[in-house]
Amino acid sequence: MSSSIRWISYDCADPYPLSRFYAAVTGWPTDDEDQPDHDECAVLPPSPGHPGLLFTRVPEGKTVKNRLHLDLQPTDRTRDEEVERVVALGATVLDDRRRGDGKGWVVLTDPEGNEFCMNTSPAERGEVA
């Protein structure tokens with residue numbers, strides 16, 4: 001017997017806009033039933049068997065560095081282009097770990113301060129799709 005991951009859950013102050021931010025970042029759909037006043041909002045998985053993202057309202061704010069975070073990679077653009085895109089969506093660059101050789105990553109925060117990383121794309125790493 002084993003378990004699978006159904007949701008990657010985020011505690012947050014305002015689930016609706018944060019779910020919309022991550023939907024825009026990932027390109028995944030949101031739950032049509034979610035509304036701005038809901039205490040839980042979801043970004044649905046891209047296909048069956050993959051975990052979705054669940055955002056749950058909590059009264060306390062974020063106080064320390066995340067112990068768990070998403071490592072994202074662009075699918076149809078470079079890392080640097082994707083960093084520009086997610087910053088335009090509301091992310092903030094926290095730490096730039098890009099190296100001169102085109103490798104490395106960028107640590108960003110979402111609109112509520114949760115960290116996530118943007119890595120190079122598979123094409124930038126020379127991986128075949």
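This passage describes two cysteines, one serine and one threonine in a predicted model.

The cysteines were examined for disulfides. The count comes to 0. A disulfide requires a pair of cysteine sulfur atoms within 2.5 Å. For Cys-12, the closest cysteine sulfur belongs to Cys-41. The distance between these sulfurs is 7.9 Å, so they are too far apart for a bond. The search from the other side returns the pair again: the closest cysteine sulfur to that of Cys-41 is in Cys-12, at 7.9 Å. Burial was also computed for both residues. Cys-12 has a relative accessible area of 2% and is therefore buried. Cys-41 is buried too, with a value of 1%.

Cys-41 also appears among the contacts of Ser-19. This serine is part of helix α1, which covers residues 15–26. Its relative accessible area is 0%, so Ser-19 counts as buried. The cut-off for that class is under 20%. Neighbours within four places in sequence were set aside when the contacts of Ser-19 were listed. The contacts that remain are Thr-30, Cys-41, Val-43 and Phe-55.

Thr-78 belongs to a loop. The loop runs between strand β4 (70–72) and helix α2 (79–89). With a relative accessible area of 28%, Thr-78 is partly exposed. That class lies between the limits of 20% and 50%. The position of Thr-78 was also compared with that of Ile-8. In sequence, Thr-78 and Ile-8 are 70 residues apart. In space, their C-alpha atoms are 25 Å apart.

Methods: Residues are numbered from 1 along each chain as its sequence is written. This is a predicted model: local features need pLDDT of at least 70, side-chain atom pairs count only at pLDDT 80 or more; totals for chains, interfaces and linings use all residues. Side-chain values use heavy atoms; hydrogens and water are left out. Buried means under 20% relative accessible area, exposed over 50%, partly exposed in between (1.4 Å probe, protein chains only). Helices (H or I, at least four residues) and strands (E, at least two) are DSSP runs, numbered from the N terminus. Contact means heavy atoms within 4.5 Å.
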